Structures are given as C-alpha cells and as structure tokens.
Amino acid sequence: MNDREFVSVFRSSKKGDTYIYVRRSQDWNELPEALRSIFGTPVHAMDLLLDRNKVLARTSGAEVLDALAEKDFYLQLPEEQDTYIVDFKRKIEQHGQ
C-alpha cells in the first residue's frame, strides 16, 4: 500500500457530480466494463499527488489510496441524492451480469 501516489481525476460525461480517481498511469480499458459503460466518456479534471493525510472535499487521501490498492479506482458519487447512488450501484450490478 502506497502512502502517496500520483492520481488522475475524471468527471463522468453521463452522471453529474460523479468523479473517478485512478492512478495516473491507469489504462481506462482495464477498469470494469460495467463501470466504464455507466460512467461514460471520462473528462479529465485534474492530476494530483495524493498522500494519506490529504483532505479532499468529500473524502480523504487515505480512503482514495485504499480503494486504488483494492480495486484500482475510487468512485465519488453525489452526496445529496441517496436514490441516485442506489440506482447507480444497481445499474453497475446489472451490467456486470
């Protein structure tokens, strides 16, 4: 597990206020097909050197780095729309079958 890593942040072309954090060198085609399909075309937002102590608007550096170590991405969904999150997860599961 890395204590710091260069990451790229992309916003979804399909879902408002939805972002994905990946390693800067991550190949988009290596991410799950269901995720790529629902997320849409990634629109580059920024690159940053992320460390475990970094505080982000809706998460922490530690949470993002742990997700990158576990599944190669961190998906940030809108906070205020609980049903949106449930619907988004359901669509990912349906595409994965």
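This is a short tour of a predicted model, from the whole chain to its strands and then to its largest pocket.

**Whole chain.** Start with everything shown. The protein chain has 97 residues, of which 37% are buried. Colour by secondary structure to find three helices and four strands, which follow the order β-β-α-β-α-β-α from the N terminus. Of the contacts with a separation of 6 or more, 59% link residues 24 or more positions apart. Switch on the surface: the chain exposes about 6,000 Å², with 44% of that area supplied by carbon and sulfur atoms.

**Strand S1 and its partners.** Select residues 4-12, which form strand S1, together with residues 42-51, which form strand S3. These two strands run antiparallel and are joined by nine bridges. To check the register, pick Val 9, whose bridge partner in S3 is Met 46.

Now add residues 19-23, strand S2, which pairs with S1 over five bridges, also in the antiparallel sense. Here Phe 10 is the residue to pick, with Ile 20 as its bridge partner in S2. Six residues lie between the strands of this hairpin, and among them Asp 17 has a positive phi near 60°.

**Largest pocket.** Which residues lie nearest the centre of the largest pocket? Select Lys 71, Phe 73, Leu 75, Lys 89 and Ile 92, which belong to a lining of eleven residues. The volume of this pocket is about 180 Å³. Then highlight helix H3, residues 82-96, which contributes five residues, the most of any element, to the lining. Colour the lining by residue class: eight residues are nonpolar, three are charged and none is polar.

Definitions and conventions. Residues numbered from 1 in each chain as written. Predicted model: local features only at pLDDT ≥ 70, side-chain atom pairs only at ≥ 80, totals over all residues. Heavy atoms only, no water. 1 Å grid on protein atoms, 1.4 Å probe; cavity = no way out; pocket = protein on both sides within 12 Å on 5 of 7 lines; lining within 4 Å. Points joined across faces, edges and corners; volume = space filled by probe spheres on them. Nonpolar A, V, L, I, M, F, W, Y, C, P; charged D, E, K, R; others polar. Buried < 20%, exposed > 50% of the residue type's maximum accessible area, 1.4 Å probe, protein only. Contact = heavy atoms within 4.5 Å. Areas by Shrake-Rupley, 256 points an atom, 1.4 Å probe, with all protein chains shown as cover. Pairing = 2+ DSSP bridges.
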